[in-house]
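Welcome, and take a moment to look over the chain before reading on. The report below walks through its parts one by one.

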Amino acid sequence: MQVVRTKAEVRKAVRAARAQGKSVGLVPTMGALHAGHRSLVDTSVANCDFTIVSVFVNPTQFGPGEDLDAYPRTLEADAALCEAAGADLIFAPDPDEMYGAAAATTVHVSGVSEGLCGAFRPVHFDGVTTVVCKLLNIAAVDRAYFGEKDYQQLVVIRTMVADLDIATEIVGVATVREPDGLALSSRNKYLSDQQRAAAPSLRQALLAGAKAAADGASGCEAEQVVADVLAAEPLFRAQYISAVDPDTLEPREDDGLPMVIAAAAYMGETRLIDNIRVEG
Ligand code: AMP
């Protein structure tokens with residue numbers, strides 16, 4: 001497995017793989033890789049002949065006061081995880097390589113990027129779509145893999161790829177969880193022992209909301225169930241709890257299934273997100 005720093009090296013590697021008739025997959029990440037990322041890499045390795053993992057803490061998707069500087073950077077361990085998973089190439093550019101000083105273009109997906117996390121992180125999805133669009137142009141892969149844990153991100157990227165006629169299939173991968181239900185996240189490292197012990201209540205709240213929805217509750221009612229369970233954990237401060245249409249991310253409010261119930265909540269300074277999909 002190679003670790004490269006430049007776009008030119010990625011393009012060269014992809015050309016060489018294609019010349020051998022290989023299919024190419026991409027797993028975009030910000031590093032600090034864990035078993036959730038590993039599941040994306042495993043899926044790509046299982047389905048593509050050549051797997052690229054990008055490791056880039058993308059400054060443009062962090063807002064003022066967010067954790068850009070504190071974000072964990074663990075390239076050596078990331079490379080070991082990717083190598084063990086059978087990935088072929090890590091692309092770990094620095095910000096100057098990724099963005100020219102005169103970069104003037106932003107990719108903005110309206111609608112689906114504006115609710116949920118987008119309402120609280122106004123620059124976030126523009127940063128995500130711009131960097132993912134760039135990665136898909138640099139690597140021109142057959143498939144790119146994204147986690148359902150970041151459900152809104154997955155929908156935003158699917159929308160971008162459809163709207164811009166990008167010839168990459170976007171594949172969603174199920175959320176990997178700790179045995180107690182907490183979704184794996186690079187940000188879990190920020191939690192104190194006490195916070196970590198309380199963190200699974202986000203998942204428990206979403207499970208309770210999903211059960212209510214499956215039993216006939218409307219979107220609003222299911223949101224209230226989630227809010228009530230979460231409120232019982234004093235270490236959590238809910239930012240939003242929203243039941244939405246799985247495809248359009250429009251609020252379900254008075255409607256029933258199918259729905260995705262998505263939530264963001266703070267534990268101290270750490271913002272955790274999770275979601276659950278309830279089928280009709
Ligand atoms: P990040 O490095 O946090 O930007 O995440 C990179 C990719 O890994 C995104 O597509 C995430 O949705 C995905 N991911 C993060 N955590 C998990 C998880 N627990 N299970 C599955 N995918 C995940």
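How far apart do the C-alpha centres of domain 1 and domain 2 lie? They lie 26 Å apart. This is a predicted model, in which local features need pLDDT of at least 70, side-chain atom pairs count only at pLDDT 80 or more, and totals for chains, interfaces and linings use all residues. Residues are numbered from 1 along each chain as its sequence is written, and side-chain values use heavy atoms, with hydrogens and water left out.

**Two domains and their contact**

The domain assignment gives domain 1 as 2-173 and domain 2 as 186-278; such bounds come from an automatic or database assignment. In the contact (heavy atoms within 4.5 Å), domain 1 takes part with 21 residues and domain 2 with 18 residues. Together the two domains bury about 1700 Å², with 58% of it on carbon and sulfur atoms. Buried area here is the accessible area (1.4 Å probe) that two parts lose on being put together, summed over both. On the side of domain 1, Leu 116, Phe 120 and Tyr 151 supply 38% of the area buried against domain 2, more than any other three residues.

There is 1 salt bridge between the domains, where a salt bridge is a side-chain nitrogen of Lys or Arg within 4 Å of a carboxyl oxygen of Asp or Glu. The side chains of Arg 187 and Asp 67 meet in a salt bridge at 2.9 Å, N to O.

**Around the ligand**

Now for the ligand: 17 residues surround it (each with a heavy atom within 4 Å), and the closest are Met 30, Gly 147, Asp 150, Val 176 and Leu 184. Three polar contacts (pairs of N or O atoms within 3.5 Å) are set out here.

| Residue and part | Ligand atom | Distance |
|---|---|---|
| His 37, side chain | oxygen | 3.0 Å |
| Asp 150, side chain | oxygen | 2.6 Å |
| Leu 184, backbone | nitrogen | 2.9 Å |

**Two loops to look at**

Which residues does a cis peptide bond join? The bond joins Leu 257 and Pro 258, with omega about -5°. Pro 258 is found in the loop between strand 7 (236-244) and strand 8 (259-267). Helices (H or I, at least four residues) and strands (E, at least two) are DSSP runs, numbered from the N terminus.

Ala 140 is found in another loop, between helix 6 (124-139) and strand 5 (143-147). Phi of Ala 140 is near 45°, a positive value in a residue other than glycine.

Methods. A polar contact is a pair of N or O atoms within 3.5 Å; within protein, one must be able to donate a hydrogen and the other to accept it, and residues adjacent in sequence count only if both atoms are side-chain atoms.
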